[in-house]
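Please look through the sequence and the model shown below before reading on. The report is written for a reader who is new to describing structures.

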There are 4 protein chains.
Amino acid sequence: MTIAKKAADRPAAALASARRADLVRLAGELFAEKGFRATTVREIADAAGILSGSLYHHFDSKESIGDEILAGFLNDVLGGYRAAVAAESDPRATIERIVHSSATALTEHRAALTMLQNDWNHFSGQPRFAYLRAAMREIEQIWVTQLEAGKAAGLFRADLDAPLTYRLLRDMLWIPIHHRPGGDRGRGPDQVTEAFLRLLFDGITAAAPARKARRRTA
Amino acid sequence: MTIAKKAADRPAAALASARRADLVRLAGELFAEKGFRATTVREIADAAGILSGSLYHHFDSKESIGDEILAGFLNDVLGGYRAAVAAESDPRATIERIVHSSATALTEHRAALTMLQNDWNHFSGQPRFAYLRAAMREIEQIWVTQLEAGKAAGLFRADLDAPLTYRLLRDMLWIPIHHRPGGDRGRGPDQVTEAFLRLLFDGITAAAPARKARRRTA
Amino acid sequence: MTIAKKAADRPAAALASARRADLVRLAGELFAEKGFRATTVREIADAAGILSGSLYHHFDSKESIGDEILAGFLNDVLGGYRAAVAAESDPRATIERIVHSSATALTEHRAALTMLQNDWNHFSGQPRFAYLRAAMREIEQIWVTQLEAGKAAGLFRADLDAPLTYRLLRDMLWIPIHHRPGGDRGRGPDQVTEAFLRLLFDGITAAAPARKARRRTA
Amino acid sequence: MTIAKKAADRPAAALASARRADLVRLAGELFAEKGFRATTVREIADAAGILSGSLYHHFDSKESIGDEILAGFLNDVLGGYRAAVAAESDPRATIERIVHSSATALTEHRAALTMLQNDWNHFSGQPRFAYLRAAMREIEQIWVTQLEAGKAAGLFRADLDAPLTYRLLRDMLWIPIHHRPGGDRGRGPDQVTEAFLRLLFDGITAAAPARKARRRTA
DNA sequence: AATGAATGAGTTTTCATTCAT
DNA sequence: CATGAATGAAAACTCATTCAT
């Protein structure tokens with residue numbers, strides 16, 4: 001049920017190596033900064049202090065480094081989504097769980113996000129990365145399901161267009177980590193996540209204390 | 001005060017040329033589909049039915065085509081923002097104006113959005129595209145100003161973190177056009193815009209008719 | 001019915017160019033000398049007096065140069081075979097026609113032979129070169145058919161194993177031109193072809209005028 | 001007078017090692033399938049279940065594996081040729097001996113043939129493999145001598161061009177084993193060899209019924 | 001305005017080989 | 001004997017750009 005590549009095709013040793021993990025992390029940092037395509041294997045090798053050809057001792061292509069990073073990320077994210085759904089709370093609680101777990105996954109996979117944002121076109125077209133589209137479909141389906149359930153339960157607005165709302169939300173979801181480290185003076189991921197949930201549930205409008213209507217008088 | 005390149009830089013004929021405009025549009029469509037960097041000048045030339053070298057009769061570089069597209073877009077967008085602010089209504093009305101004008105600009109400049117999303121890193125680093133960062137700063141400043149004003153006027157929640165809210169919102173703003181044409185069965189740009197505003201102002205929670213309070217997540 | 005690639009996918013100009021034809025001929029000479037894989041694009045470019053990258057203005061890959069050479073050759077060869085069969089003479093005359101036309105094709109496509117001999121494994125595995133296998137099958141089938149017809153007509157030995165005989169013959173067929181130019185002092189292609197036909201029809205044994213019988217191999 | 005490398009060059013242990021012999025056999029199988037150059041040391045190592053670097057404990061280069069295989073093969077083949085000549089029968093019997101011994105050698109050295117066919121250019125240029133050219137010269141010389149002797153004895157056609165006939169024959173000689181295992185339903189090496197000799201001596205033409213008869217009655 | 005040919009700097013990738021452990 | 005990591009040289013290919021015609 002997981003997305004992760006089977007280790008079978010290459011010697012297991014290659015996948016386990018500590019050096020290899022180092023290189024993936026290193027490459028990830030560069031991808032996070034400049035995007036996948038814009039990062040050359042030479043740059044990765046330079047950062048690792050080796051020659052570019054030497055990378056191919058550990059990976060059989062640049063793509064496979066990307067694969068490893070993306071698959072790991074989506075595995076984590078989907079894991080969080082599925083766990084949230086499996087907990088079987090009410091839709092609002094489920095969404096809260098989802099958002100919190102996403103924030104965690106994002107924090108631990110900084111590179112994957114940039115890669116998906118910058119190079120989505122590049123990856124999504126290749127058969128090798130078919131799982132990207134599949135994962136996106138599953139994520140959308142979970143959101144839409146929860147939003148509809150919330151409507152049915154009277155928790156969310158009855159006039160909510162669930163698929164459209166998901167679309168509107170989608171990119172916002174990626175934001176918490178998009179903040180450059182140190183770019184958000186004094187606000188940690190938790191605060192950002194809370195602000196997001198607050199915005200999602202309640203919007204920005206102040207609760208109308210004395211007025212009957214929520215809408216303004218003009 | 002506008003961003004557009006001075007016409008003086010290049011032969012007036014070139015700028016006036018209908019062929020040139022055609023080529024920019026054509027290139028824009030390709031950029032919208034695949035991103036700026038991922039589109040080769042050969043592809044643009046192929047689409048135009050000429051050889052790649054011939055493009056350099058019209059433009060002195062691929063970058064300058066991108067420049068033209070982005071500058072035109074940001075000019076429109078900033079125009080809308082400034083007009084909204086100049087109208088001097090209350091913050092909520094101003095924000096509505098901003099969102100509506102953004103939706104219009106986005107519809108007319110499909111290519112620019114994809115370029116900014118996919119190739120932001122590429123452009124934002126170059127001095128030539130310094131105006132991109134400047135425009136983004138102006139846009140952020142206008143949003144933050146309006147959000148703060150709304151708080152001061154008691155329209156928006158007092159606990160709103162304006163800069164953070166803007167960040168959360170930002171990518172959502174780009175969405176309306178991101179929908180592939182025909183991808184949103186039956187929903188036109190207007191409906192999408194309305195849904196966005198509704199989400200922004202009120203969130204997804206149903207108005208609690210009989211309940212005491214709606215209250216937050218913690 | 002021909003093997004030649006449709007010109008449709010690339011601008012017709014590219015296929016027609018005189019320069020392009022020059023380059024194919026040039027590459028062919030190198031392939032003939034050293035084999036396809038053993039020849040680098042740099043060598044081809046050097047021979048043409050340009051940089052290796054410039055070759056890609058004319059071809060989209062080294063493989064496609066090989067494709068052009070091989071397809072042209074097989075087209076000629078198969079043309080000769082089909083014409084020989086269409087002439088509807090007796091099998092011996094048909095085989096003579098086939099051998100003569102093969103000798104001609106070989107003389108005009110020196111490179112193709114070396115490529116097929118040295119790099120058969122390389123090409124025959126790729127889907128792009130599926131026509132190679134198809135052509136070989138057709139050639140074999142024509143030979144076997146003619147050999148069987150000759151047996152039925154009493155022209156060829158009744159104990160002839162047609163498929164096996166073709167196998168034995170096959171490589172011999174390609175030889176006439178394989179002789180390095182100047183390597184066969186005084187013998188032109190015609191003499192070689194005649195010697196081949198004589199060997200094929202009569203073997204090397206002298207006609208036994210007065211002797212009783214000559215033995216067999218046990 | 002043998003071609004085999006002097007054992008003195010490398011530690012006796014290495015030559016004696018059973019593991020080493022295994023590796024040569026293994027490499028040979030891969031060479032037979034894909035050719036020498038097209039087979040990477042990594043593939044050989046993979047097949048042996050070790051890492052590519054570890055091969056260099058047994059051989060000092062990939063070339064030296066090829067050397068071992070080719071030298072062994074040519075040693076066997078030349079041995080057969082020389083023995084056939086030393087038997088001092090008539091030319092026809094000598095040729096029969098040669099062909100039979102070649103067939104045996106080929107059966108036992110499948111890899112060597114593919115290597116010579118695919119990578120002749122690669123090897124024949126190197127000083128280290130000078131013995132290849134020498135062996136080929138000796139083989140040709142023996143054939144030509146036997147053919148000429150047969151002509152002088154009135155056994156072979158007086159108009160036979162001996163060097164040219166050898167050239168025509170040459171590739172056919174290698175065939176018997178070239179048949180993929182299982183590719184020749186029901187025909188073993190012996191049958192193939194007989195068919196070859198029959199073709200060589202008598203050609204494919206049926207004995208002319210009304211003439212005295214060149215051939216037997218069947 | 002456009003062609004056709006080329007440049008040149010860069011890209012990913014391949015692979016035999018070396019060597020400290 | 002073998003590993004694991006690396007080298008280094010060369011391979012095929014990409015692509016924005018130039019320029020004489």
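What follows is a short report on a helix pair and on the surroundings of a DNA strand.

## Basis of the report

This is a predicted model, in which local features need pLDDT of at least 70 and side-chain atom pairs count only at pLDDT 80 or more, while totals for chains, interfaces and linings use all residues. Residues are numbered from 1 along each chain as its sequence is written, chains are lettered from A and ligands numbered from 1 in the order in which they are written, and side-chain values use heavy atoms, with hydrogens and water left out.

## Two helices of chain D

In chain D, helix α6 (residues 110–124) packs against helix α7 (residues 130–152) at an angle of about 120°, and their axes are 9 Å apart. This makes α6(D) oblique to α7(D), since angles under 35 degrees count as roughly parallel, over 145 as roughly antiparallel, 65 to 115 as roughly perpendicular and the rest as oblique.

On the α6(D) side, the contact (heavy atoms within 4.5 Å) is made by D:Leu116, D:Trp120, D:Phe123 and D:Ser124, and on the α7(D) side by D:Leu132, D:Arg133 and D:Met136.

## Around DNA strand E

There are 32 residues around DNA strand E, and A:Tyr56, B:Ser54, B:His57, C:Ser54 and D:Tyr56 come nearest. Of the strand's atoms within 4 Å of the protein, 60% belong to sugar or phosphate and the rest to bases.

A phosphate oxygen of DNA strand E is 2.4 Å from an N or O atom in the side chain of A:Tyr56, and for D:Tyr56 a polar side-chain atom lies 2.7 Å from a phosphate oxygen of the strand.

Notes. Axes are lines fitted to C-alpha atoms, for helices over the stretch in contact, and angles run from 0 to 180 degrees between N-to-C directions. Helices (H or I, at least four residues) and strands (E, at least two) are DSSP runs, numbered from the N terminus. A residue is near a molecule or strand if one of its heavy atoms lies within 4 Å of it. A polar contact is a pair of N or O atoms within 3.5 Å; within protein, one must be able to donate a hydrogen and the other to accept it, and residues adjacent in sequence count only if both atoms are side-chain atoms.
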